[in-house]
Amino acid sequence: MNMITNHMPTEELQALDAAHHMHPFTDANGLAKKGARIITQGKGVWLTDSRGEKIIDGMAGLWCVNIGYGRPELAEVAARQMNELAYYNTFFQTSHVPAIALAAKLAELAPGDLNHVFFAGSGSEANDTNIRLVRRYWQVKDMPEKRVIIARTNGYHGSTMGGGSLGGMSPIHAHGGKIDGIVHIGQPDWWSEGGDMTPEEFGLMRARELEEKILELGVDKVAAFIGEPIQGAGGVIIPPSTYWPEIQRIVDKYGILLIADEVITGFGRTGNWFGSQTFGIRPHIMTIAKGLSSGYQPIGGSIISDEVFNVVAEGGELYHGYTYSGHPVAAAVALENLRIIEEEGIIDHVRNVAHPYLKERWDALTDHPLVGEAKLVGLMGSIALTPNKATRAKFASEAGTVGFRCRERCFANNLIMRHVGDRMIIAPPLVIKPEEIDILITRARKSLDECYAGLKEDGLLKSA
Ligand SMILES: *Cc1c(COP(=O)(O)O)cnc(C)c1O
């Protein structure tokens with residue numbers, strides 16, 4: 001085989017890609033016909049593709065490149081660590097400096113008594129760890145029947161068997177099934193499901209489904225509740241203000257464990273280190289990944305409270321771990337990423353500069369005929385597309401048709417903005433500057449205009 005490089009013609013790369021590379025969450029035959037877009041470089045909030053197009057990345061990769069692309073400090077740390085100690089495990093009473101330093105740093109950053117870190121290679125793996133941890137916790141406390149985990153419809157917790165089962169996405173369950181002992185309650189998506197209720201009433205109602213479910217199953221069967229402070233892959237569903245305080249009340253009342261899946265909302269995304277701080281949640285376990293290393297290395301983990309750690313420790317050995325738990329190169333890179341976030345005041349930048357500047361322009365998109373609602377917390381936002389803003393109507397076409405068409409226009413206009421159903425979502429790198437936000441908004445408006453014109457032409461502006 002010849003060397004495959006950036007300088008090969010795009011068509012040849014696409015053909016090899018289609019022939020040999022099976023993509024995640026992708027219709028392989030559809031992609032093979034069209035050819036993948038091949039990304040060759042990244043700097044700040046900008047990507048370059050193999051045809052030389054400059055794309056503004058409104059999604060920070062997959063919600064992970066918090067400090068932006070192309071920071072040489074992380075490359076240098078990785079090279080130094082590989083030369084010094086490329087790998088060693090943390091299984092058999094050994095440890096190494098990068099894992100120790102990263103765990104200590106995370107304990108310092110995490111709120112309350114979240115003082116212990118179990119490392120994984122990804123967010124999915126970390127949530128698989130959490131399933132074991134919460135079940136083991138109740139087993140050690142001599143209540144082995146408490147093993148059901150309550151999660152939410154349209155939540156996303158990863159794509160391993162455990163993570164995919166915790167998630168509440170039926171298409172994922174349909175491909176390979178779902179493990180036992182996981183049940184789902186409704187999501188706090190007022191726009192789509194709130195009917196005539198106010199958002200506050202609806203938030204309370206959805207939170208109280210947790211209490212109903214606990215009573216239905218029996219509290220002696222329930223181990224934990226898991227939720228993302230803001231649902232990400234589900235469409236950036238920002239819950240009504242009443243939702244999380246009520247969930248916290250219920251979790252406290254029944255003494256079940258609370259897992260906050262902070263894989264997206266961690267590391268500055270919502271304007272604090274963790275989404276739990278933004279929403280006033282006190283979890284026993286936080287799932288982390290993505291922004292932990294800004295995507296420069298694959299690493300995830302669980303940050304665990306003193307209480308849960310102490311109980312599990314009392315039980316002796318936990319039969320669980322990954323070859324790459326606390327991988328030294330990944331840990332060293334993550335630590336350098338956290339240093340950059342902290343020393344460069346990136347969270348203050350989100351709070352005081354990027355969020356207010358984007359919020360004004362994002363909210364103003366509601367003057368567009370397709371946009372019903374615009375929501376933004378920190379640098380995580382969504383707009384709901386609708387044929388009728390007053391009634392929050394859905395389109396007559398199959399859900400996601402309009403969102404997909406809008407995303408295609410964004411793609412053509414060199415803006416990465418994703419669609420989930422008929423919502424458009426953004427989560428740009430946290431370092432985005434006001435002048436880059438202007439470009440993002442200009443391209444978003446142009447794409448919305450083109451989408452609207454196309455829908456009109458094809459008679460697709462009808463309500464369901
Ligand atoms: C992405 C994501 C995961 C899964 O992380 P992977 O690293 O893809 O395994 C889990 N939870 C949430 C909230 C996520 O957004």
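These legends walk through a few close-up views of one predicted model. Residues are numbered from 1 along each chain as its sequence is written, and side-chain values use heavy atoms, with hydrogens and water left out. Since we're looking at a prediction, local features need pLDDT of at least 70 and side-chain atom pairs count only at pLDDT 80 or more, while totals for chains, interfaces and linings use all residues.

**View A. An open sheet of 7 strands.** The strands line up in the order 4-10-9-8-7-5-6, with mixed pairing. Strands (E, at least two residues) and helices (H or I, at least four) are DSSP runs, numbered from the N terminus, and two strands pair if DSSP finds at least two bridges between them. At the edges you'll find strand 4 (114–120) and strand 6 (182–185); each has a single partner strand, so one side of each is left without a neighbour in the sheet. On average, neighbouring strands are turned by 25 degrees against each other, direction ignored.

**View B. Strand 8 beside strand 9.** Residues 257–261 (strand 8) and 285–288 (strand 9) run parallel, joined by 3 bridges. Look for Ala260, which stands opposite Met286 in strand 9.

**View C. Helices against the sheet.** Helix 5 (residues 97–109) packs on the sheet and touches strand 4, strand 9 and strand 10 (300–305); touching here means contact, with heavy atoms within 4.5 Å. The direction of helix 5 makes about 135 degrees with that of strand 4. Angles run from 0 to 180 degrees between N-to-C directions, and axes are lines fitted to C-alpha atoms, for helices over the stretch in contact. Helix 13 (residues 306–314) lies across strand 4, strand 8, strand 9 and strand 10, at about 95 degrees to strand 10.

**View D. Helix 16 packed on helix 17.** Helix 16 (residues 401–412) and helix 17 (residues 434–457) meet at an angle of about 130 degrees, with their axes 8 Å apart. That makes helix 16 oblique to helix 17 (under 35 degrees is roughly parallel, over 145 roughly antiparallel, 65 to 115 roughly perpendicular, and the rest oblique). Among the contacting residues are Arg405, Cys406 and Cys410 of helix 16, and Leu448, Cys451 and Leu455 of helix 17.

**View E. Cysteines without disulfides.** The structure holds 0 disulfides, a disulfide being a pair of cysteine sulfur atoms within 2.5 Å. For Cys64, the nearest cysteine sulfur is that of Cys410, 19 Å away. Cys451 has the sulfur of Cys406 as its nearest, 4.6 Å away. Cys64 has 14% relative accessibility and counts as buried, and Cys451 is buried at 3% (buried means under 20% relative accessible area, exposed over 50%, partly exposed in between, with a 1.4 Å probe and protein chains only).
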